[in-house]
Structures are given as C-alpha cells and as structure tokens.
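Student: I should like to examine how the descriptive terms applied to a structure are justified. Please set each value against its definition.

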Amino acid sequence: MTKTPLIAVAAVAFGFSTFALADDGRSFQSLDANNDGYVSRDEIPADHALAANFSTYDTDADGRLSQSEFDVYTSSKQRDEE
Ligand SMILES: [Ca+2]
C-alpha cells in the first residue's frame with residue numbers, strides 16, 4: 001500500500017529529469033549536423049522537445065526548420081520558462 005505513492009513520486013521525478021535533459025537548449029548549429037543551414041526532422045534527436053512539435057514550428061511545411069523557424073521555438077521555450 002505504501003509502495004504505490006513512492007513509485008508514483010519516483011516516476012514523476014524521473015520524468016522531469018528526463019525532460020530537462022532532453023530539452024537541453026541545443027543550438028541550431030549543433031542540431032544542423034550537415035551544416036546545410038536547416039535542421040531537418042531526422043537531425044533532431046528523438047528525445048528533443050522539437051521532435052514531438054516539429055510540424056508546429058515548421059511553419060512553411062517544407063520538412064525542415066530554418067533559423068527563423070527555430071528562433072520561434074527558442075523564444076517560445078524561453079517564455080515557458082519565465
Ligand atoms: Ca541540416
């Protein structure tokens with residue numbers, strides 16, 4: 001009976017730490033592995049926050065993020081943290 005809350009707390013703590021690691025603020029340049037000036041979907045690690053929201057920020061729907069599209073993500077993330 002006392003195990004259930006402990007497990008729940010541990011799962012929540014682990015979830016938060018995983019999210020913090022995944023959402024580590026990697027720069028546009030570090031994500032642009034082939035340096036073509038765009039971050040394509042396959043250049044984003046599966047654990048990155050952008051992986052789940054890629055289409056939200058790919059506003060011109062060309063399947064890759066430009067610097068300006070990435071900046072929208074970065075600034076929205078900063079607003080979330082304030
Ligand atoms: Ca690229």
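Tutor: Let us begin with burial: a residue is buried under 20% relative accessible area, exposed over 50%, and partly exposed in between (1.4 Å probe, protein chains only). Helices (H or I, at least four residues) and strands (E, at least two) are DSSP runs, numbered from the N terminus. In helix H3, residues 49-57, the buried residues are Ala49, Leu50, Phe54 and Tyr57.

Student: What makes the buried residues of H3 line one face of the helix?

Tutor: Viewed down the axis of H3, they fall within an arc of 130°, and therefore they line one face. The arc is that of the directions from the helix axis to the C-beta atoms. The face turned away from the buried side carries the exposed residues Ala52, Ser55 and Thr56.

Student: On what kind of model do these statements rest, and how are residues numbered?

Tutor: This is a predicted model, in which local features need pLDDT of at least 70 and side-chain atom pairs count only at pLDDT 80 or more, while totals for chains, interfaces and linings use all residues. Residues are numbered from 1 along each chain as its sequence is written, and side-chain values use heavy atoms, with hydrogens and water left out.

Student: What is the secondary structure of the protein chain?

Tutor: The chain has four helices and two strands, in the order α-α-β-α-β-α along the sequence. Buried residues make up 27% of its 82 residues.

Student: How do you know which atoms are donors of the calcium ion?

Tutor: Donors are N, O and S atoms within 2.8 Å of the metal (3.2 Å for Na, K and Ca); water is not among the atoms, so sites may look incomplete. The protein donors lie 2.1 to 2.7 Å from the calcium ion: Asp32 (OD), Asn34 (OD1), Asp36 (OD), Tyr38 (O), and Glu43 (OE) and Glu43 (OE). Along the chain they follow the spacing D-x1-N-x1-D-x1-Y-x4-E.

Student: Why is the arrangement around the calcium ion called irregular?

Tutor: Six donors count as octahedral if opposite donors are over 155 degrees apart and all others between 65 and 115; four count as square planar by those limits, or as tetrahedral if all angles lie between 85 and 135 degrees; anything else is irregular. The six donor atoms here subtend angles of 49 to 163°, and the arrangement is therefore irregular.

Student: Why is glutamate 43 called buried, and asparagine 34 partly exposed?

Tutor: Glutamate 43 has a relative accessible area of 13%, so it counts as buried. Asparagine 34, at 49%, is partly exposed, as is tyrosine 38 at 27%. Glutamate 43 is in the loop between S1 and H3, and its C-alpha atom is 6.5 Å from that of aspartate 32, eleven residues apart along the chain.

Student: How do you know that aspartate 32 has no salt bridge?

Tutor: A salt bridge is a side-chain nitrogen of Lys or Arg within 4 Å of a carboxyl oxygen of Asp or Glu. Lys and Arg count as positive and Asp and Glu as negative; His and the chain ends are not counted. For the buried aspartate 32, the nearest side chain of opposite charge, arginine 64, is 9.1 Å away.

Student: Which residues do form salt bridges?

Tutor: Arginine 64 pairs with aspartate 62, the closest N and O atoms being 3.2 Å apart. Aspartate 47 and arginine 26 also meet in a salt bridge, at 3.8 Å from N to O. Aspartate 47 lies in the loop between S1 and H3 and arginine 26 in the loop between H1 and H2, so this pair ties together parts 21 residues apart in sequence.
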